[in-house]
Amino acid sequence: MGKYQKNIENARSVTIMQYLTTCHPGELVRKTDDEYCTKTHGSLVITPSKDLFHWFSQNIGGRSALDYMTNSCFL
C-alpha cells in the first residue's frame, strides 16, 4: 500500500451527504423520499440509499464526496 493510499481510501469513504451536511449546512433540499438536491444546483440529484449523485447539467456523477469535489473543481 502506497504512502498516501490510506488517506485516499479514507477520503473516498466520505459520502456526498456527509460532506454537504458538514461543510455546507442548510444546502440540501429534499426532492422526494429518496432524493435530494442543493439550493444552489437543482440539477445535482443525490440518492443517499444508493450512495450516488448525478449532476445532470454538468453530466458528471459518482459515489463519494471525493468524486464530487474532483469533478466539480474543473467546472
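The following questions and answers introduce a predicted model.

In this predicted model, local features need pLDDT of at least 70 and side-chain atom pairs count only at pLDDT 80 or more, while totals for chains, interfaces and linings use all residues. Residues are numbered from 1 along each chain as its sequence is written, and side-chain values use heavy atoms, with hydrogens and water left out.

Visitor: Which pattern does the protein follow when read along the sequence?
Guide: The protein has 3 helices and 5 strands, where helices (H or I, at least four residues) and strands (E, at least two) are DSSP runs, numbered from the N terminus. Read along the sequence, these elements give the pattern α-α-β-β-β-β-β-α.

Visitor: How many residues lie between E1 and E2 in their hairpin?
Guide: Strand E1 (residues 28-32) and strand E2 (residues 35-38) pair in the antiparallel sense over 4 bridges, and two strands are said to pair if DSSP finds at least two bridges between them. One of these bridges joins Arg 30 to Tyr 36 in E2. In the hairpin that E1 and E2 form, the number of residues between them is 2.

Visitor: Which helix gives the most to the largest nonpolar core?
Guide: A nonpolar core is a set of buried Ala, Val, Leu, Ile, Met, Phe, Trp, Tyr and Cys residues joined through side-chain atoms within 4.5 Å, and the largest one here has 12 residues, among them Leu 20, Ile 46 and Trp 55. At least two residues of this core come from each of helix H2 (16-23), strand E3 (44-47), strand E4 (52-55) and helix H3 (65-72). With 4 residues, the element that gives the most is H2.

Visitor: Which residues is Leu 20 in contact with, leaving aside its neighbours within four places in sequence?
Guide: Leu 20 belongs to the largest nonpolar core, and contact means heavy atoms within 4.5 Å. With its neighbours within four places in sequence left aside, Leu 20 is in contact with Pro 25, Leu 28, Thr 38 and Ile 46.

Visitor: Is Asn 59 buried or exposed?
Guide: Asn 59 lies in the loop between E4 and strand E5 (60-62), and its phi is positive, about 55°, although it is not a glycine. Buried means under 20% relative accessible area, exposed over 50%, and partly exposed in between (1.4 Å probe, protein chains only). With a relative accessible area of 62%, Asn 59 is exposed.
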